[in-house]
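Welcome, and please open the model in your viewer. We will start with the surface and then work our way inward.

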Amino acid sequence: MPMAVGVIETLGFPCVLAAADAMVKSAAVTIVYYGIAESGRLLVAVRGQVAEVKTAVAAGIASGEEVYGGQVITHYIVPNPPENVETILPIHFTSKSEPFRIF
């Protein structure tokens, strides 16, 4: 079963926190990556079914943009990333995210 990945990049921690919170509350997705890009930019990535990831990313964008002073810089959804992309990029399930994996 194909698993999509959705990523949101924000400016500032409150914005990424609001986006991540909205993403996991709005759809059946699992956070697989969170990190700092640069210059106060932060990333959050989720995995799940394609429709669930689309719903989650839309909710994350809306929630992130509501934060005072927050800014959603960019976002992207990959419907079915190939194995070589999953191997190289930090978008796979890890021992930390596996307990929260939604099948």
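Before you select anything, keep in mind that this is a predicted model. Show the surface of the protein chain first: about 5,900 Å² is exposed, and carbon and sulfur atoms supply 61% of that area.

Next, colour the charged residues. The protein chain carries 6 positive and 9 negative charges, and the mean positions of the two sets lie 3 Å apart.

Now switch to a C-alpha trace. Along the principal axes, the C-alpha atoms of the protein chain fill a box of roughly 40 × 25 × 20 Å. The radius of gyration is 13 Å, which agrees with the value near 13 Å that a compact globule of 103 residues would have.

Turn on the cartoon and follow the chain from its N terminus: the elements run β-α-β-β-α-β-α, giving three helices and four strands.

If you colour by burial, 37% of the 103 residues count as buried. Then draw the contacts between residues at least 6 apart in sequence: 72% of these join residues at least 24 apart.

For a close-up, select strand β2, residues 29-36, and pick out T30 within it. Is T30 buried or exposed? Its relative accessibility is 3%, so T30 counts as buried. What surrounds it? Leaving aside neighbours within four places in sequence, T30 is in contact with A45, V46 and R47, and also with F93, S97, F100, R101 and I102. Show those side chains together with T30 to finish the tour.

Note on methods
Residues numbered from 1 in each chain as written. Predicted model: local features only at pLDDT ≥ 70, side-chain atom pairs only at ≥ 80, totals over all residues. Heavy atoms only, no water. Helix = DSSP H or I, 4+ residues; strand = E, 2+ residues; numbered from the N terminus. Rg over C-alpha atoms; globule rule 2.2 N^0.38 Å. Buried < 20%, exposed > 50% of the residue type's maximum accessible area, 1.4 Å probe, protein only. Contact = heavy atoms within 4.5 Å. Areas by Shrake-Rupley, 256 points an atom, 1.4 Å probe, with all protein chains shown as cover. Lys, Arg positive; Asp, Glu negative; His and termini not counted. Charge placed at Lys NZ, Arg CZ, Asp CG, Glu CD.
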